[in-house]
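Me: I would like to go through this model by asking what each description rests on. Could the replies set each value against its criterion before concluding?

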Amino acid sequence: MTLTDFQHLMPLLILTFAVLVSMLVIAVGRNHKIMYVITAVSFLAAFASLFELRDVGRYTIEPLLVVDGFGVFYIGMILLTALLISMLSYAYFEQREERKEEYYILLLLATIGACVLVISTHFASLFLGLEILSVSLYALIAYLRTRERSDEAGIKYLILAAFSSAFLLFGMALVYASTGTMEFAGIATAIANFTELPLLLLTGFGLMIVGIGFKLSVVPFHMWAPDVYEGAPAPVTAFIATVSKGGVLGVLIRFFMEVDGFRYPTLVLIFTIVAIASMLAGNLLALLQRNVKRILAYSSIAHLGYLLVAFLTGNQMGVEAVTFYLVAYFITTVGAFGVVAMLSDKERDAEQLEDYRALLWRRPWTAAVFTVMLLSLAGIPLTAGFVGKFYILAAGVNTQLWLLVVMLALNSVIGLFYYIRIVAVMFQQADAEVEMEPRGRLRPSIYLASVGTLTILTLLLVYIGVYPTGLLQVIEGMLAVATP
Amino acid sequence: MILVWLIVILMAGGVLAWISGKINRALPRWIALGSVLAVFGMTLYLWLSNPIPVLDSAWLIQFNQPWIPQWGIDFRLALDGLSLLMLLLTFFLGLLSVLISWREIQTKVAFFHFNLLWVLAGITGVFLTMDLFLFYFFWEVMLIPMYFLIGIWGHENRRYAAFKFFLFTQASGLLMLLAILGLYFIHGRQTGLYTFSYFELLNTTLAPEAARLLMFGFLAAFLVKLPVVPFHSWLPDAHSQAPTAGSVILAGLLLKTGAYGLLRFVLPLFPTATVEFAPWAMLLGVIGIIYGAILAFSQTDLKRLVAYTSVSHMGFVILGVFSFNEWALQGVVMQMITHGLSTGALFIIAGFLYERLHTRDIQKMGGFWTTAPKMGVIALVFVMASLSLPGLGNFIAEFLTLVGSWQANNWLTVFATIGLVMATIYSLRIMQKIFFEANRMEQALPDLNAREMLIAIPMVAMILWLGLYPQPFLDTARPSIQEQLQAYTASPPPPVAMSQLTPQVQLTDTIRLNQILKASRHDPD
């Protein structure tokens, strides 16, 4: 590796370095605040180093990685999200008894995994990235060991993720067997002449889709999501819903654009079915839930279905739509779980609908933030979610995927049911006149960290919803160089 | 720029009202009153300073500012006679809504006025915008605050009603969004210019099949909002559960956005498809007129009763719109205004009664004519308006609509006229049950106080003005109606629509109209 290679991998190196430093610091002495600062600073530094790479064009680090506009944008998105999550985590873990310092190491590691995913251009780096991400998540999910559900969630995720990795590996092996290469570009040239996929290759792709599908928690590979969302600590849930899924989606887009998988009707059919099933199952099952974290889990399944609609258009506009929607979805999801984290107490997370009754009159600001987040998930104007949904619909109509587009519209309506139900619960009058809750249960500095993060997220969401031009320009500019 | 101010003042007023609630409980009311008064004054000024019949173009003011240039979305506002009338109605009713909430709303006052002003802002946006993306945007913006108005300050079954209202309108709105996108891409492919501008999209040539599908997308949103009979079931719930101000805005304004959408978008965008669909639409209209009247007659809940009369009256709107002639469209515009006033007034009276008696059940009322004569007279005026007594605005509206629809479809017009007879029956029943018969109430019924008279008298004055001298309103609406009908030139514009009704202005008016007609024919816009 040359020096320029290192320069192009600077964000990853910074994070790796931060992990090492963190471990040493813990060895010297445990201090939550110092760990938190190290994490936040390293995320910020890694993000700052991305500005060097903005106009990178397409820089390949043979044979594993490629740094291009697409990758840089996705890394940036992942880093910022991880930063916000770490800010929320600080307040969340501060009030809990567990040893909290290792949490940040795992968070950093998982973020590295996701970053590797979005710049990988080879099966080996793909798998490495995925495993770094998954293994960190095993521990993160079960981090609060004394909690009732956390072991269940951790073990469930461990077993299913291991299974899905096995599927993925087997699929890769089959693809390798029939093409003789593990590089995306090599596979692309190897299958360029096929109009129809041979059976072996199709099986290979199919098995890989199973593996990827598990990570994305799309139907029919979604069973783990509600349990894991429910059992994991709220910030970790936010991480799974955003960074982990975003990273996997990034590599999926890169792979498919590279090998032009949209040429094959079989693959398109599979993804179409998966998308429709995810939208329908996610939204319909969410209707039956009374637990906010489970509702958000099913809603994220549905949102992955929406994203697949834009993905299926298979053109530049579709990729842009996916990216834009991801940004909106990241902000919204982190915000929503941030509210959950903020309302949670020592023993359990605020996950029952009952916990939110009359919230508007008890904690108006928190309730307002949550309302904005839910409305954005539902795709109501003035929020980023609306513009994102509009973009996806536009991309779908442009490519004339009428079935998918109509399903998306229909599902948006079903989705409204449960988002609005949460909002309605928050706006309900309390039975007795409730007092405003005292603010300073935590130390004010910690309280400010969460409130500040949520405020930033809300403002960002409304800003993108009202004036999306800026973000659109960035996305178009960065992604233009990415797709050949 | 003044158009932008209309929206900005309302939105800023809403935020200010919400914040000011922390300082003083009464402050939000005054802020709301002040902002609505300000926009009302501005609109009145616009109306008075633009002598419409002498302009060459239908458009009075335009405002254009790129918003999302990548997608060809502009912040494009424009005002013509139709929008102007709708805005006057919006702010007039908005003013009344603030006033009637003065005593009725006692909890969360600040948040209430925030929502009230934002609904008004959304409606203002809908009436002004000439960019389809922006139109959908405002179409949705008015939903959320309305949902809260019903869901928080409504009556006993409020959450169900709010939910139903939201889902119906949202679902139909999404279909419209799909149609808008379809239109956008078809136009973009044809001309290479991807834009949501209304004026550009008017020039799209559509294959009959595509036009039909897209038209149904738009119709879905507007027919649900209007509402037309199979899609009306949200309306009685929403209207009867909303607080008085909410009911007034729902009946007076939100329904009108549906009618406005039909006039502004469906007619000019899909001229051939609408002609095909017209008989069915008119049939739906007539079914609505009769069905609404029958159900109105059988209600015991006063607000539900008034809600069903809306269904009936809105039947005339769709009947008129799909007649495609100037008579009928003038009637529709008049109907939008007069129905907004008369139904709004009936809801306000229902609100007065509810404040005093805490019931909406007309079985329990009776004999209030002697105890509350002022209220009785006011109610009588608006009940008579609702059965379209000559001399009141509704008569002009329904008469013009029927004259127009007769030229389009004789038989359906005959059945629609039966609706007028049925309107008499249900309207008189309101008077009968509440103000005559024996008084079954033990508690005394105080008559209207000064504030309530302040609300009621302008409404009476307006409905009388509209009934006795509608010419200014018809003049204001005419150029834009002709604009909407341009695609239907096969049916020649009727000679001098209103001059026969008001003979004193006949001569000058004929000359003016001819000038306008000439001008609008030569004008490429």
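**Loops, helices and the contact between the chains**

Reply: A natural place to begin is A:Pro63, which is found in the loop between E1 and E2 of chain A. Please keep in mind throughout that this is a predicted model.

Me: What makes the bond between A:Glu62 and A:Pro63 a special case?

Reply: The peptide bond joining A:Glu62 and A:Pro63 is cis, with omega about -10°. A second cis bond runs from A:Val219 to A:Pro220, where omega is near 5°, and A:Pro220 is placed in the loop between helix H9 (199-216) and H10 of chain A.

Me: How do you know that E1 and E2 of chain A are paired?

Reply: Pairing requires at least two bridges between the strands, and 4 bridges join strand E1 (residues 58-61) of chain A to strand E2 (residues 65-68) of chain A, the two running antiparallel. One of the partnerships can be named, since A:Tyr59 has A:Val67 in E2(A) as its bridge partner. With 3 residues between them, E1(A) and E2(A) form a hairpin.

Me: Why is A:Gln400 called exposed?

Reply: A residue counts as exposed if 12 or fewer other C-beta atoms lie within 10 Å of its own; A:Gln400 has 12 C-beta neighbours inside 10 Å, and therefore counts as exposed. This residue is in the loop between helix H17 (384-398) and helix H18 (402-427) of chain A, and A:Gln400 has a positive phi of about 60° although it is not a glycine.

Me: What makes B:His358 exposed?

Reply: With 8 other C-beta atoms within 10 Å, B:His358 is exposed by the criterion of 12 or fewer. B:His358, though not a glycine, has a positive phi of about 60°, and its place is in the loop between helix H14 (326-357) and helix H15 (368-371) of chain B.

Me: Why is H5(A) described as largely enclosed?

Reply: A residue is buried if 20 or more other C-beta atoms lie within 10 Å of its own, and 18 of the 19 residues of H5(A) are buried, so this helix is largely enclosed by the rest of the structure. Its length can be tested as well: at 1.5 Å a residue, the 19 residues of helix H5 (residues 101-119) of chain A should span 27 Å, and the end C-alpha atoms are 29 Å apart, which agrees.

Me: How do you know that helix H10 of chain A is mostly covered?

Reply: Of the 8 residues of helix H10 (residues 224-231) of chain A, 6 are buried, namely A:Ala225, A:Pro226, A:Val228, A:Tyr229, A:Glu230 and A:Gly231. The covering of these buried residues includes helix H6 (123-141), helix H7 (150-179), helix H11 (234-259) and helix H13 (292-312) of chain A.

Me: How does the radius of gyration of chain A compare with that of a compact globule?

Reply: For 484 residues a compact globule would have a radius of gyration near 23 Å, and the 21 Å of chain A agrees with that. For the 525 residues of chain B the corresponding value is near 24 Å, and its 22 Å likewise agrees. Buried residues make up 56% of chain A and 58% of chain B.

Me: Which residues touch the most other members of the largest nonpolar core?

Reply: That core has 379 residues, and A:Tyr325 and B:Ile349 touch the most other members. Helix H14 (residues 316-343) of chain A supplies the largest share of this core, 19 residues. Beyond its neighbours within four places in sequence, B:Ile349 is in contact with B:Met375, B:Ile378, B:Ala379 and B:Phe382.

Me: How many residues does each chain give to the contact between them?

Reply: Chain B gives 23 residues and chain A gives 20 residues. On the side of chain B that touches chain A, helix H5 (132-141), helix H6 (143-153) and helix H7 (158-191) of chain B each supply at least two residues, and H7(B) gives the most, with 13 residues. The residues on this side of chain B divide into 17 nonpolar, 4 polar and 2 charged.

Key. Residues numbered from 1 in each chain as written. Chains lettered and ligands numbered in written order. Predicted model: local features only at pLDDT ≥ 70, side-chain atom pairs only at ≥ 80, totals over all residues. Contact = placed C-beta atoms within 7 Å. Nonpolar A, V, L, I, M, F, W, Y, C, P; charged D, E, K, R; others polar. Core = buried A, V, L, I, M, F, W, Y, C linked by C-beta atoms within 7 Å. Rg over C-alpha atoms; globule rule 2.2 N^0.38 Å. Expected span 1.5 Å × (residues − 1).
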